[in-house]
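Reader: Got a minute to go through this one with me? Let's start with the strands and then see where we end up.

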Amino acid sequence: MSATNSNAMNGTSASGDISASDFFGYFSAGPSKLPEEVMHKAQKEFLSYQSSRVSVMELSHRSPEYMAINDDAIACVRRIFNVPNNYKVMFMAGGGTGQFAAVPLNLSAEGKSADYCVSGTWSEKAFKEAKKFGNSNCVFSVNKFTTIPGESTWSRDKDASYLYYCDNETIHGVEFPFIPSNEGDFANVPVVADMSSNLGTRIFDVNRFGVIYATVQKNLGPAGCTIVIAREDLLGRPRSFCPSVLDYSQTSKANSLMNTPVTYSVYMTKLVMEWIEDNGGLSQMENDSKAKSQLLYDVIDSSDGFYSSVVDKMFRSRVNVVFRLKDGDEQLEAAFISAAKKNNLLSLKGHRSVGGIRASIYNAISLKMVEKLAQFMRDFQKSN
């Protein structure tokens, strides 16, 4: 085969550069791919936002232009997720790690414990952080993060300040297919959910929750902004040592403008949410998410063990498909990643703590991209 033909098959030019017309599959766990339509709109407005003659990055957060962006972004959250009037919508900084502290600092009551579902790395980190501020209880224990025990086996406290869980664990590829109960003995225990990696990918009832938060860099925007949706009756009772920057009450009263916010991230998040609305809303995002993940799991399950997922089928993530090759053959997995890159399928290496392969298929990842990955997986198996 000539060098020219070989380069063409690998998706590169003779000089090694990627052609602008090449098709890419970018499967980063985050920050992740943004919709191209959003990028083009942001590019068009980059030097001068509307008639302001300055970039959004340069706008004062007290300017009429930015305050309108902020209000529009909050309105987008309310529309897309059907947020009831008795909930506040906030934009905060600090990411998920900031919320690991913000949740107990705002919700934990003196003398009460908080319940935590530890189903993966991120909920484990949140649990450890909460212990710094009071008593915390792990409601179930698993040796490996591959499943979620049935609720009837959980050790919950009916007097807990709240029950915390991570709806989707990106590292291990474990996702809750249900919302933990807040009925019966637990009717007065608010449910708190970290939805950082799957908010915007399916329909759910906000009324089931006390607090929902999500960093936006998976499905809703670029890194920087964290969306917090909190029930009003839970505000106003922060711990005395809660920093102002993590105080839900102060943030809400200031309409997320207490201090200089992550203005450009909020602006981009607004554009992505408008894109979701223009492309069928949550219903379409949910259908697409199911279809994309099923494509990959079908290849895995029909590979006769060449590919394998250790996560129980009921709890497999729709947005982070984690798998191994031949029971963890690291040389073969390295070859897979290398060959995938040559085929313009990028960022497939699993998290450093678990290894393997991880395909993150968030909202901006098209079905066509996932179909290309699925076909590559079949072809790679045939040649190995």
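Reader: What stands opposite C138 in β4?
Author: Y116 does. Three bridges join β3 (residues 114–116) to β4, and the two run parallel; strands here are DSSP E runs of at least two residues, numbered from the N terminus, and they pair if DSSP finds at least two bridges between them.

Reader: Before I go on, what sort of model is this?
Author: A predicted one, where local features need pLDDT of at least 70, side-chain atom pairs count only at pLDDT 80 or more, and totals for chains, interfaces and linings use all residues. Residues are numbered from 1 along each chain as its sequence is written, and side-chain values use heavy atoms, with hydrogens and water left out.

Reader: OK. What's the strand order in the open sheet of seven?
Author: β2-β10-β9-β8-β5-β3-β4, with mixed pairing. The edge strands, pairing on one side only, are β2 (87–92) and β4 (136–138).

Reader: Back to C138: why no bond to the closest cysteine sulfur?
Author: Because that sulfur, in C117, is 8.0 Å away, too far for a bond; a disulfide needs two cysteine sulfur atoms within 2.5 Å. The whole structure has zero disulfides.

Reader: And C242, buried or exposed?
Author: Buried, at 11% relative accessibility, whereas C138 is partly exposed at 29%. Buried means under 20% relative accessible area, exposed over 50%, partly exposed in between (1.4 Å probe, protein chains only).

Reader: How far is the sulfur of C242 from the closest cysteine sulfur?
Author: 18 Å, with C225 as the partner, so too far for a bond.

Notes: Helix = DSSP H or I, 4+ residues; strand = E, 2+ residues; numbered from the N terminus.
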